[in-house]
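Thanks for asking me to have a look at this one. Below are my notes, written for someone meeting the structure for the first time.

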Amino acid sequence: MSHQDIHSYLAAFDDIPGTRVYTVARARQGYWINQFAMSLMKPENRARWKADEKAYLEGWNLDEDQKAAILARDYNRLLDLGGNIYFLAKIFSTDGLSFLQAVSTMTGMSVEDYQAMMLAGGRSPNGVRSIKEGN
Amino acid sequence: MARITAGVATSHVPAIGAAIDLGKTKEPYWQPLFAGYDWSRQWIAEEKPDVVILVYNDHASAFDMKIIPTFAIGCAESFKPADEGWGPRPVPTVQGHPDLAWHIAQSCILDEFDMTIINEMEVDHGLTVPLSLLFGQPDAWPVKVIPLAVNVVTYPPPSGNRCWLLGEAIRRAVESFPGDLKVQVWGTGGMSHQLQGPRAGLINAEWDNRFLDMMSQDSQRLRTIPHIEYLRETGSEGIEMVMWLIMRGALGADVRQLHRHYHVPASNTAVGHLVLEPVA
């Protein structure tokens with residue numbers, strides 16, 4: 001196998017419409033978002049979080065933007081700030097939402113429309129492969 | 001001599017586990033998905049493997065952001081189901097095979113693969129859903145399981161070729177293990193799905209089916225698929241398919257396809273399933 005150029009490898013990820021690839025840059029930026037989300041794996045932490053979300057967030061090394069996005073359950077914003085979907089899942093699971101319900105909130109579709117799209121075979125890759133190529 | 005007798009590929013969607021645990025497998029939404037596993041459940045009951053090397057990815061359960069191993073092998077006596085936020089799945093504790101697992105670890109390290117050795121770990125739906133799909137709801141799993149966790153979350157994950165080569169190294173390790181054991185390798189996760197961002201819900205059935213074809217024919221091409229192609233064509237979480245290549249690499253040059261199943265959707269996901277047998 002030929003050696004992969006790291007810069008072209010990473011640059012290609014920015015060319016996929018509506019997609020945030022969890023690169024190390026995002027992993028570093030969102031470290032504490034993800035570790036906060038991970039803490040909700042423990043029942044005692046979930047209880048403290050539910051009792052007072054704002055107070056719970058004070059215990060974490062998060063900036064105001066990150067805190068606001070968490071409180072607003074703005075998952076696209078959280079992805080931009082370095083959140084990862086498998087970690088963010090701990091937040092929406094604690095809210096009692098399924099993957100399907102939570103994921104649909106990132107698409108601008110209603111849960112019902114998103115579910116209907118999945119039942120009809122899902123979102124077509126046509127037109128959403130590449131920003132540059134427009135295909 | 002221990003030997004690899006078969007390979008299984010299957011998706012490991014969490015909602016599938018919930019459907020099994022809650023007794024919903026006969027509901028109209030789920031029935032066509034589970035019907036595709038009927039053949040495999042009967043097959044494996046007759047096959048009776050001794051050990052399954054189960055390649056999967058942890059979903060922020062055993063590993064958080066503190067440690068990100070590319071390839072981690074579970075060498076413990078047993079592995080409890082993880083609490084993923086709604087309590088652990090009501091499934092049996094997974095029994096390991098420490099002698100074989102340690103043997104594979106040391107053999108692969110000598111073979112230039114830097115394995116992370118895990119001696120205490122809980123296992124999430126990535127590992128338990130495939131077991132439920134093949135074995136149903138027994139009081140104890142009828143097989144020993146060696147968990148092999150692959151990082152497919154934080155980029156870069158291993159390349160497809162690296163996964164294939166690890167599969168080859170696992171085969172050499174198994175074949176050098178003293179004792180008569182029937183070993184299967186399972187590759188789990190995939191097929192096309194994207195769980196994040198405005199493009200969420202992407203399904204590419206055409207690409208998925210070509211990939212399924214290539215698993216038994218033209219398999220060398222699988223090794224050269226770059227990450228960007230998985231991402232563009234099958235969604236951001238379609239990258240999980242590189243884990244199937246560890247299984248495929250372990251089976252050797254030629255395989256016979258015994259069973260194939262493909263279904264859309266399971267929650268957000270396309271479900272793919274293969275049973276393959278090495279051809280000596």
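The points below go from the overall build of chain B to its cores, a few residues and a pocket.

1. Before anything else, keep in mind that this is a predicted model. Everything that follows is computed from that model.

2. Let's begin with chain B as a whole. Its secondary structure comes to 9 helices and 10 strands. The radius of gyration is 17 Å, close to the 19 Å that the globule rule gives for 280 residues, so chain B is as compact as a globular protein of that length. If you want a feel for the dimensions, the C-alpha trace spans about 45 × 40 × 40 Å along its principal axes.

3. How much of chain B is buried? Buried residues account for 66% of its 280 residues. The contacts also reach far along the sequence: taking those between residues at least 6 apart, 80% join residues at least 24 apart.

4. Now for the inside. In soluble globular proteins, nonpolar side chains tend to be buried together. Here the largest nonpolar core has 99 residues, and Ile104(B) and Phe211(B) are the ones with the most contacts inside it. Helix H9 of chain B, residues 242–251, gives this core its largest share, 8 residues. There is also a second, separate core of 38 residues, with Ala19(B), Phe34(B), Leu131(B) and Leu133(B) among them.

5. Phe211(B) is worth clicking on. Leaving out neighbours within four places in sequence, its contacts are Met191(B), Leu222(B), Ile225(B), Tyr230(B), Met241(B), Trp244(B) and Leu245(B). Of these, Trp244(B) and Leu245(B) are buried residues of H9(B), so the view from here leads to that helix.

6. Why call H9(B) largely enclosed by the rest of the structure? Because 10 of its 10 residues are buried. The buried set includes Val242(B), Ile246(B) and Leu251(B), and also Arg248(B) and Gly249(B). After the helix comes Gly252(B), with a positive phi near 95°.

7. Two more buried residues make good stops. Thr128(B) sits in helix H5 of chain B, residues 125–135. With a relative accessible area of 2%, Thr128(B) is buried. Setting aside residues up to four places away in sequence, Thr128(B) touches Arg89(B), Val91(B), Val123(B) and Trp141(B).

8. The other stop is Ala270(B), in strand E10 (residues 269–278) of chain B. Its relative accessibility is 0%, so Ala270(B) counts as buried. Beyond residues up to four places away in sequence, Ala270(B) touches nine-odd partners you can pick out on screen, including Ser11(B), Met191(B), Asp208(B), Tyr262(B) and His263(B). Met191(B) is also in contact with Phe211(B).

9. Finally, the open space. Rolling a probe the size of a water molecule over the atoms shows where empty space is left. The largest pocket holds about 900 Å³ of space. Which residues lie nearest its centre? They are Ser98(A), Phe99(A), Pro14(B), Ala15(B) and Ala18(B), out of 39 lining residues. Helices H8 (85–94), H9 (99–104) and H10 (111–119) of chain A and helix H1 (14–21) of chain B each give two or more residues to the lining. H1(B) supplies the largest share, 6 residues. By class, the lining has 19 nonpolar, 15 polar and 5 charged residues.

Key: Residues are numbered from 1 along each chain as its sequence is written. Chains are lettered from A and ligands numbered from 1 in the order in which they are written. This is a predicted model: local features need pLDDT of at least 70, side-chain atom pairs count only at pLDDT 80 or more; totals for chains, interfaces and linings use all residues. Side-chain values use heavy atoms; hydrogens and water are left out. A nonpolar core is a set of buried Ala, Val, Leu, Ile, Met, Phe, Trp, Tyr and Cys residues joined through side-chain atoms within 4.5 Å. Buried means under 20% relative accessible area, exposed over 50%, partly exposed in between (1.4 Å probe, protein chains only). Helices (H or I, at least four residues) and strands (E, at least two) are DSSP runs, numbered from the N terminus. Contact means heavy atoms within 4.5 Å. On a 1 Å grid over the protein atoms alone, a cavity is a set of points where a 1.4 Å probe fits but cannot get out, and a pocket is an open set with protein on both sides within 12 Å along at least five of seven lines; lining residues have an atom within 4 Å of a point. Grid points are joined across faces, edges and corners, and a volume is the space filled by probe spheres set on the points. Ala, Val, Leu, Ile, Met, Phe, Trp, Tyr, Cys and Pro count as nonpolar, Asp, Glu, Lys and Arg as charged, and the others, Gly among them, as polar. The radius of gyration is taken over C-alpha atoms; the globule rule is 2.2 Å times the number of residues to the power 0.38.
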